[in-house]
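User: I'd like to walk through this model with you, starting at the ligand and moving on to the backbone. Can we take it one question at a time?

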Amino acid sequence: MTAPADQLRYYRAQAGWTEALRAYALGQSQLATCDNALEVGCGGGWLTADLAAKVRGRAVGCDIDEATLALAREAYPTLSFDLSEPARLPYADAAFDFVCCHFTLLWAVDPVALLGEMRRVCAPGGRLAVLAEPDWGGFVEWPDLNLRDLVATALAMRGADPLAGRKLRAHLVAAGWEIEELGLTAGPWSASPAAIDAAWDHHRWTLAGVLDERRLRVIETKARRAWEGGARLVHLPLAWAIARR
Ligand SMILES: C[S@@+](CC[C@H](N)C(=O)[O-])C[C@H]1O[C@@H](n2cnc3c(N)ncnc32)[C@H](O)[C@@H]1O
């Protein structure tokens, strides 16, 4: 079982892929005019804290996992983090001007129900930003180390949907959101030692269930050599959207 603190490191590695996307989507969402904001699936709370700095009023985060919520409360003691249920958010109807999530829908047991709840707690005319849902079925890499299938299998075994990205539009429409902008993009990749370490930190966490340490090291060594030799190229599509209630 992964310790929550390790999980948070993995979440931060993912956040590195979406910096430009977040800047764009949060900019488009006119946060400065919002009285309050909610992040659903807040994990360690770093994005909730970022929202708190951008909205006029307050930002709160919620999650179904008590252990990561405890870390969020410890890291950001002045913010509110609430325990949520998988298909029920602990807030009144129309309670927020802005609702968002980041790498959350792929983990939701019923993403349409969760998006429906996010719509219920969003005020009429309020906005939703789905900041990044990956699509491992569209992962491109060279040289081919079969990471696409390995990660997709590992995520599915953990209960996540590795193809969440391509389903985003269908899920938003089914939940009743009016889509303003939607895209499939990829985070910028970098061959810097820090970026490669962060990527492997992420892969180790994800692949722990499908590869033993020896096989993992074989793949990691091949990938690192290809990075160093100048041949490695990777592309993970990330779906995102801005929608209106
Ligand atoms: C990959 S983590 C992302 C955490 C954070 N948004 C970030 O980017 O660092 C996904 C989070 O969604 C939470 N989650 C999954 N299903 C949820 C649901 N139905 N309602 C609220 N949170 C949920 C998980 O417990 C987990 O903390």
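What follows is a short round of questions and answers on this predicted model.

User: Where does the ligand sit, and how much of its accessible area does the protein cover?

Analyst: Let's begin with its place: the ligand sits in the largest pocket. One of its polar contacts is with Asp63, where a polar side-chain atom lies 2.6 Å from a ligand oxygen atom. On its own the ligand has 600 Å² of accessible area, and the protein covers 95% of that.

User: How do the residues of the shell around the ligand divide into nonpolar, polar and charged?

Analyst: There are 16 residues around the ligand, and Gly41, Trp46, Asp63, Pro86 and His102 come nearest. Sorted by type, the shell divides into nine nonpolar, four polar and three charged.

User: Which residue has a backbone N or O atom 2.9 Å from a nitrogen atom of the ligand?

Analyst: His102 doesn't fit, since its contact comes from a side-chain N or O atom, 2.6 Å from a ligand oxygen. The backbone contact to a ligand nitrogen, at 2.9 Å, belongs to Pro86.

User: How many residues apart in sequence are the parts that the Trp17 and Phe103 pair ties together?

Analyst: The whole structure holds five aromatic pairs. Among them is Trp17 with Phe103, edge-to-face, at 6.2 Å centre to centre and 75 degrees between the planes. Trp17 is in the loop between α1 and α2, while Phe103 is in the loop between β4 and α5, so the parts tied together are 86 residues apart.

User: What is the phi of Phe103?

Analyst: Phe103 belongs to the loop between β4 and α5. Although Phe103 is not a glycine, its phi is positive, at about 55 degrees.

User: Is the peptide bond from Trp142 to Pro143 cis or trans?

Analyst: Pro143 lies in the loop between β6 (140–142) and α6 (147–157). With omega near -10 degrees, the bond from Trp142 to Pro143 is cis.

Note on methods. Residues numbered from 1 in each chain as written. Predicted model: local features only at pLDDT ≥ 70, side-chain atom pairs only at ≥ 80, totals over all residues. Heavy atoms only, no water. Near = heavy atom within 4 Å. Polar contact = N/O pair within 3.5 Å; in protein donor to acceptor, adjacent residues only side chain to side chain. Areas by Shrake-Rupley, 256 points an atom, 1.4 Å probe, with all protein chains shown as cover. 1 Å grid on protein atoms, 1.4 Å probe; cavity = no way out; pocket = protein on both sides within 12 Å on 5 of 7 lines; lining within 4 Å. Sits in = over half its atoms within 2 Å of the grid points. Nonpolar A, V, L, I, M, F, W, Y, C, P; charged D, E, K, R; others polar. Phe/Tyr/Trp six-rings, centres within 6.5 Å; stacked < 30°, edge-to-face > 60°. Helix = DSSP H or I, 4+ residues; strand = E, 2+ residues; numbered from the N terminus.
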